[in-house]
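Please walk me through the surroundings of the ligand in this model, with the cut-offs stated.

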Amino acid sequence: MKVLKTSLSAAAAIALTFTAAACGDGTSSGGDEDTPFIGVILPDSASSDRWETADRAYLEAAFEAAGVEYDIQNAQGSREDFQTIADQMLTSGVNVLVTVNLDSGTGATVIENAKAQGVATIDYDRLTEGGGADYYVSFDNERVGQLQGETLVQCLEGVDTPLVAELNGSPTDNNATLFKNGYDSVLDPLYDSGEFEKGPDEWVPDWDNAQGGTTFDQMLTDTDGQVDGVLAANDGLAHAVITVLERNGLNGTVPVTGQDATLQGLQNILAGDQCMTVYKAIEEEANAAADLAVALAGGDMPETDATVTDPESGDEIPAVLLEPVPITIDSIQTVIDDGFADYAELCAGEYADLCDEAGLQEQ
Ligand code: BGC
C-alpha cells in the first residue's frame, strides 16, 4: 500500500487528518489487490469544459503519481450510460467508485449498488442527495454563488436600479441550488430594499447551454430588452447569454457572471463581454479525491475537517471543501500563475492585444 502522507497535496494535507490505524507496519490493510483500482465517472462534456479539459487531466495525473490503476469514463449526459458504466466498473473489480452524478436519483442507485458489493464511494464535486457516499470532495459552493453575486454588484456600480436576470444551473444538481443560495443571499436584500430590480429567474435543466441561450432570449423579450445584468451560473451559460446579447448589440454593456475559469470564459472577460468568473482549483479537488480514494482502497477512513449535511437523509457526510476565487479582468494572471490557464492558448490571435492591455504575462 502506498504511504499516504507523502502523496497528499498541500490543500488536502490541511483538510485531512489521518487516523493512526494501519500506519507504520508497511502491511496492506484491507484492499482487495496490492494495487488499488479506482473508477471515476464524469457527467458530460457539454455543460462545462472543465470535466474533460481539467478534471480528467488532473485526476489522471494524481492517480499516476499515486501509482494506482484507474478507469475514468464520461457518461456524456446519459443517465443510462452512467449506470451502465458504473455496473461495468463494479464488475471489473474497482475498489473505489468516484462519481459526479447527473441527478441524485440515478446517482444514489449507483452508490447503493457499489455499497452492496463492498466498494467505497466518493461524491466528486456534486453531492448525491440521499446517496450516503463515504466522502464528498468539492468547493464551498455557497461561497461560489456569493462571489458571483458580490462581483456582479460591483460590475453594476453606477447603474440606477439595475434589473438583474438570473440563469440558474440544473435543478437536479445540488450544487446549482447551493450557488443560487449564495448569490440570492447577496441579491435578495438589494431587491427588497429597491436598490436592484428582480428580473426573470429560471433554471436550466442539465445545464444545457443551448437551452440557456433560448431561455435568456425569452427573458430579453419579456423585459423589452431592459436587462442590466445577468447572473449566469457558469461560463457555458454565460457564453450562451453573451451570444444572445451580441445579436442584440448589447454585449459589453450588460455584465454577465460565470464560473469555472474556462478558456472561453476568460477570453470573454478579456473581450469585456463577461464581468467575472470563479476559479476553482480543480487540481486540488482532484488531488484530494485521489488521496481519499487511495486511502479507502487501503481500508483507511481519513478524518476530514468538514462535513456537509445531506439535505435528503440528514446524514453528515465527511467532506473536503476547497475555497473558490473570483476572477475579473484585474486578476486573470492568478489563473495563469496557477498553471490552470495556458498563456499561449488564452492570448492567441485576436486576444493577443487584449492580453497585453490587461498586462498578462507567461506563468
Ligand atoms: C459544477 C460546475 C459546473 C456545472 C456544470 C456543477 O456541478 O460545480 O463547476 O460548471 O456543474 O457542469
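Around the ligand stand 14 residues, and the closest are Ser47, Asp125, Arg126, Asp173 and Asp260, where a residue counts as near if one of its heavy atoms lies within 4 Å. The model is predicted, with local features needing pLDDT of at least 70 and side-chain atom pairs pLDDT 80 or more, while totals for chains, interfaces and linings use all residues. Residues are numbered from 1 along each chain as its sequence is written, and side-chain values use heavy atoms, without hydrogens and water.

Polar side-chain atoms approach oxygen atoms of the ligand from aspartate 125, at 2.6 Å, from aspartate 173, also at 2.6 Å, and from lysine 280, at 3.0 Å. The protein buries 100% of the 310 Å² that the ligand exposes when taken alone, by the Shrake-Rupley method with a 1.4 Å probe.

Helix 2 (50–66) and helix 6 (174–193) are the elements that give two or more residues to this shell, helices being DSSP runs (H or I) of at least four residues. Domain 1 (11–139 + 281–322) and domain 2 (141–272 + 326–356) each supply at least three shell residues, with bounds from an automatic or database domain assignment.

Terms used
Polar contact = N/O pair within 3.5 Å; in protein donor to acceptor, adjacent residues only side chain to side chain.
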